[in-house]
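Hi everyone, thanks for making time this morning. I'd like to walk you through one model and stop at a few places along the chain.

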Amino acid sequence: MARKIFIAGNWKMNTTLESGAALVAGLKETLAGIDTVEFGAFVPACYLGATAANAAGSNFQVGAQNMYFEPKGAFTAEISGDMIKDCGATMVLLGHSERRHIFGETDELINTKVQKALADGLQVILAIGELLEERKAGETNAVNERQLRKGLAGVTAEQMATITIAYEPVWAIGTGEVATPDQAQEAHAYVRSILADMFGAEVADATRIQYGGSMNPGNVENLLAQPDVDGGLIGGASLKVEDFTALITAGVAEAAK
Ligand code: PEP
């Protein structure tokens with residue numbers, strides 16, 4: 001089955017109201033009419049509403065970088081799935097390595113968020129990936145399998161239709177050191193095999209797996225050419241209209257093959 005390429009930016013804590021608006025305005029212009037590739041960005045929570053309003057009328061999808069699993073209450077500084085939707089955003093990124101390794105989020109916590117986000121009707125991007133020491137110790141597959149099985153515990157085959165997996169080797173995030181196309185393909189194929197074991201071959205075949213980790217206009221073509229690489233999750237290169245446009249244009253070219 002043909003999976004639609006999905007290119008998503010992760011703005012992290014890098015944009016302002018003004019720079020985010022300029023990015024969306026620029027991308028609306030360069031990406032107008034593109035519908036063979038899905039694209040969008042995970043933006044700072046305080047700019048969700050403004051970004052969704054700026055993106056209105058375009059194919060640019062807006063998502064949150066995190067959420068909490070409770071619907072409301074005394075959870076200072078957290079935001080709920082309903083709040084994300086209230087802002088006009090449609091998706092949420094969960095399990096990013098910075099959430100796991102800087103903020104100590106566990107597989108179990110991430111799983112509660114995945115389940116709540118799905119129940120709230122949000123599109124979920126679940127990020128997984130191994131640390132450099134885990135790769136060096138030959139634990140890449142085991143780490144990815146654990147993060148997948150625990151992160152997706154309790155998720156149904158039907159719900160998988162609104163989940164994208166982002167494979168992001170932690171050693172490649174923000175470092176300029178990108179996984180080789182072979183390394184990416186090997187990990188993506190393994191991820192897909194675990195999805196097949198969990199949900200069946202049809203669901204595994206339909207699930208998109210993005211690559212993330214220093215993807216840029218110079219390496220995107222070879223990464224997207226891999227059979228199990230279905231898009232990208234991009235930090236640094238999503239902050240410049242020219243670079244992000246080049247990534248999506250590469251997706252359009254790959255989709256046309
Ligand atoms: C990321 O933040 O998920 C990421 C992949 O960042 P970068 O593209 O900058 O490596």
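Let me begin with a term: the helices and strands I name are DSSP runs, a helix having at least four residues and a strand at least two, and they are numbered from the N terminus. With that in hand, Ala153 can be placed in the loop between helix H7 (140-151) and strand E6 (163-167). And please keep in mind throughout that this is a predicted model.

Staying with Ala153, its relative accessible area is 32%, so we call it partly exposed, given that the partly exposed class runs between the 20% and 50% cut-offs. Not counting residues up to four places away in sequence, Ala153 touches Asn111 and Gln115. There is also a distance to note here: Asp107 is 46 residues from Ala153 in sequence, and their C-alpha atoms are 9.7 Å apart.

For a contrasting pair, look at Gly49, in helix H2 (residues 48-55). Gly49 and Ala201 are 152 residues apart along the chain, and 38 Å separates their C-alpha atoms. Gly49 is partly exposed, with a relative accessible area of 28%.

Now to the ligand. Which residues are closest to it? Of the 14 residues that surround the ligand, the closest are Lys12, Glu168, Gly174, Ser214 and Gly235. Let me go through some polar contacts. An N or O atom in the side chain of Glu168 is 2.6 Å from a ligand oxygen. For Lys12, a side-chain N or O atom lies 2.7 Å from an oxygen atom of the ligand. The backbone takes part as well: a polar backbone atom of Gly236 is 2.9 Å from a ligand oxygen.

Two of these ligand neighbours deserve a second look for their backbone angles. Most residues other than glycine have a negative phi. Lys12, in the loop between E1 and H1, has a positive phi, near 50°. Ser214, in the loop between E7 and helix H10 (220-224), also has a positive phi, near 55°. Is Ser214 buried or exposed? With a relative accessible area of 19%, Ser214 is buried, because buried means under 20%.

Next, a couple of threonines. Thr15 sits in the loop between strand E1 (6-10) and helix H1 (17-30). At 10% relative accessibility, Thr15 is buried. Leaving aside neighbours within four places in sequence, Thr15 has contacts with Gly20, Leu23, Pro44, Tyr47 and Leu239.

Thr207 is in the loop between helix H9 (201-206) and strand E7 (208-212), and it is buried too, at 2% relative accessibility. What does the side chain of Thr207 find 2.7 Å away? One of its polar atoms is that far from the backbone oxygen of Val203. Beyond four places in sequence, the contacts of Thr207 are Arg3, Met160, Ile163, Ile165, Arg192, Leu195 and Asp230.

I'll finish with the largest pocket, which holds about 600 Å³ of space. Its lining has 21 residues, and those nearest the centre are Ala45, Gln65, Asn66, Arg99 and Phe103. How does that lining divide by residue type? Twelve of the residues are nonpolar, five are polar and four are charged.

That's my tour, and I'm happy to go back to any of these places with you.

Note on methods:
Residues numbered from 1 in each chain as written. Predicted model: local features only at pLDDT ≥ 70, side-chain atom pairs only at ≥ 80, totals over all residues. Heavy atoms only, no water. 1 Å grid on protein atoms, 1.4 Å probe; cavity = no way out; pocket = protein on both sides within 12 Å on 5 of 7 lines; lining within 4 Å. Points joined across faces, edges and corners; volume = space filled by probe spheres on them. Nonpolar A, V, L, I, M, F, W, Y, C, P; charged D, E, K, R; others polar. Buried < 20%, exposed > 50% of the residue type's maximum accessible area, 1.4 Å probe, protein only. Contact = heavy atoms within 4.5 Å. Polar contact = N/O pair within 3.5 Å; in protein donor to acceptor, adjacent residues only side chain to side chain. Near = heavy atom within 4 Å.
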